[in-house]
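This report covers a polar contact, the nonpolar cores and one pocket of the structure shown below.

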Amino acid sequence: MNRNQMWRRIAGHSQSWDMVVVGGGATGVGVAIDAAARGYDVLLLEQSDFGKGTSSRSTKLAHGGVRYLEQGNIGLVMEALKERGLLLQNAPHLVHDLAFVVPNYDWWEAPFYGLGLKLYQLLAGKYGFGTSRILSREETLEYLPTLKIEGLRGGAVYYDGQFDDARLLIHMVATAFEQGATLLNYVEVTGVTKDSQGFVNGVRARDAMSGNEFQAGAKVVINAAGAFSDLMRLRADPGVSPMIVPSQGIHLVFDKSFLQGNSAIMVPHTSDGRVLFAIPWHGHTLVGTTDTPVPAPTLEPVAMEQEIEFILSTAAEYLTKAPTRDNVLSVFAGIRPLVRASGAANTAALSRDHVIHIDRSGLVTISGGKWTTYRHMAEDCVDQAATLAELPETPCATHHLRIHGYHENAKEFGPLAVYGTDADEIRKLIEDDPELKECLHSALPYLKAEVVWAVRNEMALTVEDILARRTRALFLNARAASEMAPDVAKLIAKELEWSEMRQRDEVASFRALASNYMLSAKQRNLS
Ligand SMILES: Cc1cc2nc3c(=O)[nH]c(=O)nc-3n(C[C@H](O)[C@H](O)[C@H](O)COP(=O)(O)OP(=O)(O)OC[C@H]3O[C@@H](n4cnc5c(N)ncnc54)[C@H](O)[C@@H]3O)c2cc1C
């Protein structure tokens, strides 16, 4: 899978595409997989890198959502629990189960959460991940050795799924490609074309790498631009009313010592009425998230001071070693593309159900939902888009479609486990050039070979693509990522024939970006 191959597919395509998808996050790529697997002819365009938007910035849980159960949204929970099961079945190399413990400090919490979590388990039916149960105080501490013990009565354990969001997305892009879809990163959809009756019949686009502009005809255009969906709708029809309410969520990342063991903490009620997770992730501790309305989406949202303070103070209530600002290895923010609803008191109360909306111009927008439910969202969307475009009716084919790299025991690949069967190909690169076995940084497990692999086979084009989304260095340890940048630039330069100046520019621009993922000296002194 590389960009030249994609451009060749476009050059050889003279008629209108059956579907053009705008946006290369979980939603858009999910739609591309579904449509291509049904035999439709699909083009997907992403303005930046695949996953640059929200889809690399989630809590990384394949879950039904215990919080939605509390809100009484049983339908959403059941749908998401089924999708969680299908995801594990179709991508066992990328999704695994994880024990979550709800610690109890009040007498009523054990029966209350114990019962609720039993219901959560039962709703999963045959897609269950593990048996939930009430824990004694000692058992709770066995699961969570670094949990605060003062006042602890016990806990309740339940099971959900965990995954690496950007890595899964790249494997989904490969899956869509294998099914026949054409997908390009760094191509922005700048507008739409319309027929004589005012119906959208294609897109105008610009390749950020070459500056070239082109048009692509489409029987239907699907807007999967996430938090940017309204901007895309306005490009098709300046008269439409907004449907997206952007809401920001942040995470802080610390080293493993703060959350020892292999289980996560789930705090069901924080002071702002949300849930908060502390999760082991790639040998680190991930804590989040928040839900803060923002006026407009940006591709690089920045954590707000009150969000950082909220996560630090809530984590300190539960962890024996209270994390401080100096301990923050990375801070990242993402924007939820929530769909407007009347009557919701705040963004946390807005539904996480997905919405498919068709404007008068015929532009189909899919928004809302969750990472976990991307497959089901895509199925719904392609059903409706195919009807609108009068495409031959074909059933959805993704229930049992394996995600690229499928491997039932990928753990055997050690640090390369997330690549599934591609791990063997990366090992071959190392056999051919043993220097590629070297680690890029002592604080993180990433190998030089992964950079070469990503440039050759995963459409990585920049230092940021490698450090933010092909590996997760930026999200795990922003300072280490910044230090890795020159070596990464050198490896890319060899593959893509970059000049010395291009290498320097790339490193400088990555380091400027990485500074937003570190707390500044001023922010560190605020404690
Ligand atoms: C803090 C946080 C935590 C979350 N945690 C979880 C979780 O644990 N589990 C879960 O299931 N869900 C979670 N979610 C929800 C989930 O991450 C989102 O629902 C999902 O990622 C949305 O994907 P998307 O493709 O719709 O949007 P995005 O990933 O934002 O993709 C949209 C893409 O469209 C592109 N685009 C925009 N305009 C154009 C244009 N004109 N031309 C070309 N491309 C364009 C953007 O660059 C972007 O890449 C979380 C969300 C947040 C914010």
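In this predicted model, the side chains of Glu 300 and Arg 57 are joined by a polar contact of 3.0 Å. Glu 300 sits in the loop that runs between strand 15 (292-293) and helix 9 (305-318). Leaving aside residues up to four places away in sequence, Glu 300 touches Lys 52, Arg 57, Glu 464, Leu 513 and Tyr 517.

The nonpolar cores come next. In soluble globular proteins, nonpolar side chains tend to be buried together. The two cores described here are set out in the table.

| Core | Residues in core | Members include |
|---|---|---|
| Largest nonpolar core | 72 residues | Met 19, Leu 45, Leu 168, Met 172 and Leu 183 |
| Another core, apart from the largest | 50 residues | Leu 286, Phe 413, Ile 426 and Val 455 |

The members listed for the largest core are those with the most contacts inside it. Helix 7 (residues 165-178) supplies the largest share of that core, eight residues. Among the residues that Met 19 touches, again not counting those up to four places away in sequence, are Ala 35, Tyr 40, Val 42, Leu 43, Val 220, Ile 222 and Leu 391. Asp 41 is also touched by Met 19.

The second largest pocket has a volume of about 940 Å³. Its lining consists of 37 residues, and His 96, His 282, Lys 411, Ala 417 and Val 418 lie nearest its centre. By class, the lining residues are 18 nonpolar, 10 polar and nine charged. At least two lining residues come from each of strand 4 (95-104), strand 6 (154-163), strand 13 (276-281) and strand 20 (444-447). Strand 4 contributes the most to this lining, with five residues.

Methods: Residues numbered from 1 in each chain as written. Predicted model: local features only at pLDDT ≥ 70, side-chain atom pairs only at ≥ 80, totals over all residues. Heavy atoms only, no water. 1 Å grid on protein atoms, 1.4 Å probe; cavity = no way out; pocket = protein on both sides within 12 Å on 5 of 7 lines; lining within 4 Å. Points joined across faces, edges and corners; volume = space filled by probe spheres on them. Helix = DSSP H or I, 4+ residues; strand = E, 2+ residues; numbered from the N terminus. Nonpolar A, V, L, I, M, F, W, Y, C, P; charged D, E, K, R; others polar. Polar contact = N/O pair within 3.5 Å; in protein donor to acceptor, adjacent residues only side chain to side chain. Contact = heavy atoms within 4.5 Å. Core = buried A, V, L, I, M, F, W, Y, C linked by side-chain atoms within 4.5 Å. Buried < 20%, exposed > 50% of the residue type's maximum accessible area, 1.4 Å probe, protein only.
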